[in-house]
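Colleague: I'm in my first year and still learning to read structures like this one. Could you pick a single part, take a close look at it with me, and then show how it connects to its surroundings?

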Amino acid sequence: VQLQAFGGGLVQAGGSLRLSCAASGRTFSSAVMAWFRQATGKEREFVAAIRWGGGRVYYTDSVKGRFTISRDKTENTVYLQMNSLKPEDTAVYYCAKGLGASTDTADYDYWGQGTQVTVSS
């Protein structure tokens, strides 16, 4: 499985961005796809996840109501729509594939290369 994340950029506070994660290779109906982020000097943290099969979603509290994760099965792509962005959302965003809905990076076995999101105040 290969994951390629893109869609990051520079945006002003209050703005929006949509990240995409294209998956190639073998995928699994029971897989969970997630977005994590890592700000400079901080540990990588969970942002959102979606079950590939049933579509159940999970969010960290700080992004609830602002971010929306979704997937397109025909395109093998996961999206993260980010609205009302804040400077504290600035980070490198990574997509990942795992087998369970977990906030722990150790539970994900495939990772994309990351895409930078910068939110200016």
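Modeller: Happily! Let's start with the aromatic rings: this is a predicted model, and the count in it comes to 5 aromatic pairs. One of them is made by Phe36 and Phe46, whose rings meet edge-to-face, with 5.7 Å from centre to centre and 80 degrees between the planes. In the chain these two are 10 residues apart, and the pair links distant parts of it, since Phe36 belongs to strand E4 and Phe46 to strand E5. Both Phe36 and Phe46 are buried.

Phe36 has a further ring partner, Tyr108. This pair is edge-to-face too, at 5.1 Å centre to centre with 75 degrees between the planes. Here the link spans 72 residues, from Phe36 in strand E4 to Tyr108 in strand E10, which covers residues 108-111. Why do we call these two residues buried? The cut-off is a relative accessible area under 20%. Phe36 has a relative accessibility of 0%, so Phe36 counts as buried, and Tyr108 counts as buried because its value is 5%.

Now widen the view a little. Phe36, Phe46, Tyr94, Tyr108 and Trp111 form one aromatic cluster. A charged residue joins the scene as well: the charged end of Arg44 sits over the ring of Tyr94, 3.6 Å from the ring's centre. Arg44 also lies over the face of Trp111, this time at 4.9 Å from the ring centre. Try finding Arg44 in the picture and looking from there to each of these two rings.

From the cluster we can move on to the nonpolar cores. As a general point, nonpolar side chains tend to be buried together in soluble globular proteins. In this model the largest nonpolar core has 26 residues. Those with the most contacts inside it are Trp35, Val47, Phe67, Val78, Leu80, Met82 and Tyr93. Many strands feed this core: E1, E3, E4 (32-38), E5 (45-51), E7, E8 (77-82), E9 (91-98) and E11 (115-120) each supply at least two residues. Strand E3 gives the most, with 4 residues.

Tyr93 is a nice residue to follow by eye. Leaving aside neighbours within four places in sequence, Tyr93 is in contact with Leu19, Trp35, Phe36, Arg37, Val47, Phe67, Leu80, Met82, Gly114, Thr115 and Val117. Notice that Phe36, where we began, is on that list. Yet Phe36 is a member of a second, separate core of 7 residues, which also includes Val32, Ala96 and Tyr108.

Some of the strands just named also make up a sheet. It is an open sheet of 4 strands in the order E1-E3-E8-E7, with antiparallel pairing. Strands E1 (2-6) and E7 (67-72) stand at the edges with a single partner strand each, so one side of each has no neighbour in the sheet. On average, neighbouring strands here are turned by 15 degrees against each other, ignoring direction. At one edge, 5 bridges join E1 to E3 (residues 17-24), and the bridge partner of Ala5 in E3 is Cys21.

Finally, have a look at a few loop residues. Val63 lies in the loop between strand E6 (57-59) and E7, and Val63 is buried because its relative accessible area is 0%. Not counting residues up to four places away in sequence, Val63 touches Arg37 and Val47. Arg37 and Val47 are both on the contact list of Tyr93 too.

Asp89 sits in the loop between E8 and E9. With a relative accessibility of 1%, Asp89 counts as buried. Beyond residues up to four places away in sequence, Asp89 touches Arg37, Arg66, Phe67, Ser84, Val117 and Val119. Ser84 lies in that loop between E8 and E9 as well, but Ser84 is partly exposed, with a relative accessible area of 40%.

Ser84 has a backbone detail worth a glance. Most residues other than glycine have a negative phi. Phi of Ser84, however, is near 50 degrees, a positive value. Asn76, in the loop between E7 and E8, likewise has a positive phi near 50 degrees.

Conventions: Residues numbered from 1 in each chain as written. Predicted model: local features only at pLDDT ≥ 70, side-chain atom pairs only at ≥ 80, totals over all residues. Heavy atoms only, no water. Pairing = 2+ DSSP bridges. Axes fitted to C-alpha atoms, helices over the stretch in contact; angles between N-to-C directions. Core = buried A, V, L, I, M, F, W, Y, C linked by side-chain atoms within 4.5 Å. Buried < 20%, exposed > 50% of the residue type's maximum accessible area, 1.4 Å probe, protein only. Contact = heavy atoms within 4.5 Å. Phe/Tyr/Trp six-rings, centres within 6.5 Å; stacked < 30°, edge-to-face > 60°. Lys NZ or Arg CZ within 6 Å of the ring centre and 35° of its normal.
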